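Got a new structure in front of you and wondering where the descriptions come from? Let's go through it by question and answer.

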Amino acid sequence: MSAQQTAAPARLPVPVPSPADLTDRLWTAVLAGDQTAAAALAVGALESGLAPEALLLDVIAPLQARIGREWAADRISVVQEHAATAVTDRVVGVLAGHPAFAPAVPARGRVTVACVDGEWHAFPARLLAEVLTLRGWRVDYLGAQCPTPHLIAHLHRTAPDALALSASLAARLPAAHAAITAAQAAGVPVIAGGAAFGADGRYAYLLGADAWAADARSAADRLAGGLPAPASPHLPVDDLPHLVDQEYTLVSRSSRQLVAAVLAALEREFPPVRNYTELQREHTLDDLGHIVEYLAVALYTGDPALFADFLAWTGEVLAARSVPDAFLAFSLRVLADELRDLPRSVAVLTAARQPSDLGSPS
Amino acid sequence: MAFPPIFPPATAGAEFLTGSPYPVAVLDPAGGLRHASPAARRLLAPPADPQHGDATAGPVPAWLRRAHLRLAGGGRTGVVRHSDPLAGTVEAHPSPQADGSVVWWFVGADGCSAVLPGTAGGGPCDWELLTRLSGLLLSSLNVDRILETAARQAALHLADAAVVVSPPRGRTLRFVSALGGGDPVHRQVRADPAEVPGLAEALRGFPPVPSRWIDPSATPDWLVPEGLGRVGSVVVTPLPGHGVPAGALVLLRGAAGGGFDADEEVFARMFAARAGAAVSAAVMYSDQASVTDLLMRELLPPRLAHLNGVDFAGGYRASVDRDRIGGDFYDVHPSAEPDGEALALLGDVSGKGLEAAVMTGKVRNTLHALLPLADDHQRVLQLLNRALLTSHHTRFASLVLASVRREGERVRVRLSAAGHPAPMVVRADGRVTPSSTLGSIVGVLPEATTRTDTVLLDPGEACVLYSDGITEARGGPTGREQFGDHRLQQALGECAGMPAEAIVERVQMLASQWIRDGRHDDMAVMVIAAPPRGHLALVGGRPGRAA
């Protein structure tokens, strides 16, 4: 780590504010893109005695969570989210180069921290990497969207004591499963974390992870206790015997055709859709693509609730964009018809429609 | 020995028989037993209980001898069936040899499991265990991990303690030792392997040596894992390494543990064979990996950051996700003088994969050497063109040169394209315009020409260099549509005022989402940005990213 600050930090004559207060102030600075102010706040807190780990986990982690919340609530744009994350990332970079961020002694073992293939939300993993470094681990941080072959080659080369695997979106669960089983086969135990694995870590355990942690602090605590070497190698299908019906493969492989079929049906049924602009069409295709993607993940995990949760969330987003509720219900009906030969898919689609009783499959 | 001495031991040239998964025996032309695998000895041995047969029969049972002599006499003998009290129905398959001897293979309905080692008591020798241990050994490609696994499992299943000794390097001897049920420990000592009888030979890897019993009192202290107590018996088995010395396995039992019987020795040898294969594969893999790493380090795109008041950020994704390198490249060379121009460049060599990556290394080196001339883009491109034409490669390249200098709070960028998509300029108000620079590709025509364009960036504005892998990425709803300039422009329009690395990430993310799982070309993007007011300069600043 060779971060350094060339801009002069502002002096903070006042006593260090509470973490929540500090988060508020950082939020203002970060949203304004004012990197100097943000870094000065963070460094000031550090120099007036706030412990580095507390700064990372009690101030900056909530800040990042807030960025995500504000984006989900459509109060900031996805571009603002990117920009804000980039600013916090730089602030963490500055902090990591600060003398207060000296790693603990004695040194611990070696840990690899990586995001699942296709996962772009690297910030939680980055925070964990910094916390583990502080606690004396030798950390290899592989960053966002690490292709599984890289990850496994890295594990073979370095033989770390554990792999900390991060994923935010449930859509990444199949990729996470591939990484978990491959790492375990290479003799490396896996601790999983991030929103994708469920609030109680249910998907982490479903996919055979050796441990799960709700946040960076408990992950670091769990790693300090040591993870036992994984049991004898197993195949992904051992964890999820329902995969033998191939429904996941069939649905994910024909995703584009399914999306096209649903859009064509929407155009037939709803005249306004026929007059969509290019951009509106692309957005609709995107939304439909996500629906099929989450349907596939529900088939992969064998958990219809995963799809229902996603739909509830999508419903809100679409409502915010004033897309009629009927579109979603209709799309699900078309999907159920297209997939009528796949019993699990039909069951997932049916279960998702149950609560609001949106009609029966054709 | 568990077997009557009338059976000749497996002699030189027939050691492979001991590991045979089926019973196998070699009979000489006269019907005498020449070699036999341990399982075949069991199968052919007279039953211990005289009620079941004639205890005085010779080493080869009558049924087999009859079939053998019929075959030797020129008779046509195919498969012979025999009912064995222990193994059940056994088929004996002959394969006659040139010297008149015959190799007899015995196949039972269940694979002759009854006569194979260790099935009777399920003790330390059983096939299920061996399969499981093989799985554990073969799953890793890390030498230390495999040594740990071998020591841990051997101590758990084969003996009270196990030591896996690696071939010596210099005068230091490295080994991993484990007590039954305990965690393996890495150690190294300055010792001569010759202190342990048979160890030096076993470590040499060639010629093959049998496993060897040694006098427990002759075992040096360093070899005995702590906590084992007084040593009762020790056996040294080489790890056969397929051309690479893989080391040796030392099994130890405490004074109360007793010796190793023949079955256990056979099992230990089979275990050692698998451990040796795993270790040698891992040694070869790590040798290759370190060579690849070393060569790749020069070819990897550099990490960019803040330089003389200008923000640089770059991102790269190779066409093959397995690779980290390919035909696209970018570099930023700081100026020798503090107020001079930095030279940034981004380009694309024809082709993809490793070969293209090697070519990018040459182009990057050539451009590095041409740095003193960097204020004259035309001349740099001409010299690069000449260098590519005279090299034996038939490849060509397209690239953009950008000379960058901070002027007050603005940044001046001189852009010269050579057969490359023109960089996009992102203004503070969200306008996105392609630069007007235009030039010919390098490495094809005798002369390279270019038209240079100068762009002034206000704080928060950026210049985006990219390879056609981004705009020509196929995907989208149909899976065949190109990402296209218009989508890139639209995406960049939303990026006005963002930090350089956020723009890079945004472009990479949109392109990745566009192609999803589809095939794609190498994709490179570099952003040169004038820092916004209130900017934070940062050099490096990522936690220990792996090389």
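Q: What do the domain bounds of chain B come from, and how is chain B divided?
A: Domain bounds come from an automatic or database domain assignment. This is a predicted model, and in it chain B is divided into domain 1 (15–108), domain 2 (127–294) and domain 3 (300–529). The C-alpha centres of domain 1 and domain 3 of chain B are 74 Å apart.

Q: What about chain A: how is it divided?
A: Chain A has domain 1 (19–101), domain 2 (110–239) and domain 3 (243–353). Between domain 1 and domain 3 of chain A, the C-alpha centres lie 37 Å apart.

Q: Why are α2(A) and α3(A) called oblique to each other?
A: Start with the angle: helix α2 (residues 35–47) of chain A and helix α3 (residues 52–72) of chain A pack at about 135°, their axes 9 Å apart. Angles over 145 count as roughly antiparallel and 65 to 115 as roughly perpendicular, with oblique for what falls outside the named ranges. The angle of about 135° fits none of those ranges, so the pair is oblique. As for handedness, α2(A) passes α3(A) in a right-handed crossing.

Q: Which residues of α2(A) and α3(A) meet, and how do they divide into nonpolar, polar and charged?
A: On the α2(A) side there are A:Ala42, A:Ala45 and A:Leu46, and they meet A:Pro52, A:Leu55 and A:Val59 in α3(A). Ala, Leu, Pro and Val count as nonpolar, so the contact comes out as six nonpolar, no polar and no charged residues.

Q: What makes β14 and β20 of chain B edge strands?
A: Look at the order of the open sheet, β14-β15-β16-β17-β21-β20 (chain B), six strands with antiparallel pairing. β14 (328–333) and β20 (438–439) of chain B each have a single partner strand, so one side of each has no neighbour in the sheet.

Q: How do you know that β20(B) and β21(B) pair?
A: Pairing takes at least two bridges between two strands. Two bridges join β20(B) to β21(B), so the pair meets the cut-off, and the strands run antiparallel. B:Leu438 stands opposite B:Arg451 in β21(B).

Q: How many bridges link β17(B) with β16(B), and how many with β21(B)?
A: Strand β16 (residues 397–407) and strand β17 (residues 410–418) of chain B pair antiparallel over nine bridges. In this pair, B:Leu401 is opposite B:Ser416 in β17(B). Six bridges join β17(B) to strand β21 (residues 450–457) of chain B, also antiparallel, and B:Arg414 stands opposite B:Thr454 in β21(B).

Q: What makes β8 and β9 edge strands in the sheet β8-β7-β6-β11-β10-β9 of chain B?
A: This open sheet has six strands and antiparallel pairing. β8 (185–190) and β9 (212–214) of chain B each have a single partner strand, so one side of each is left without a neighbour. From one strand to the next, the twist averages 25°.

Q: Which helix packs on that sheet, and what does it touch?
A: Helix α6 (residues 262–297) of chain B does, touching β10 (231–238) and β11 (248–254) of chain B. The direction of α6 makes about 45° with that of β10(B).

Notes. Residues numbered from 1 in each chain as written. Chains lettered and ligands numbered in written order. Predicted model: local features only at pLDDT ≥ 70, side-chain atom pairs only at ≥ 80, totals over all residues. Axes fitted to C-alpha atoms, helices over the stretch in contact; angles between N-to-C directions. Helix = DSSP H or I, 4+ residues; strand = E, 2+ residues; numbered from the N terminus. Left-handed = near helix turned anticlockwise from the far one by under 90°. Contact = placed C-beta atoms within 7 Å.
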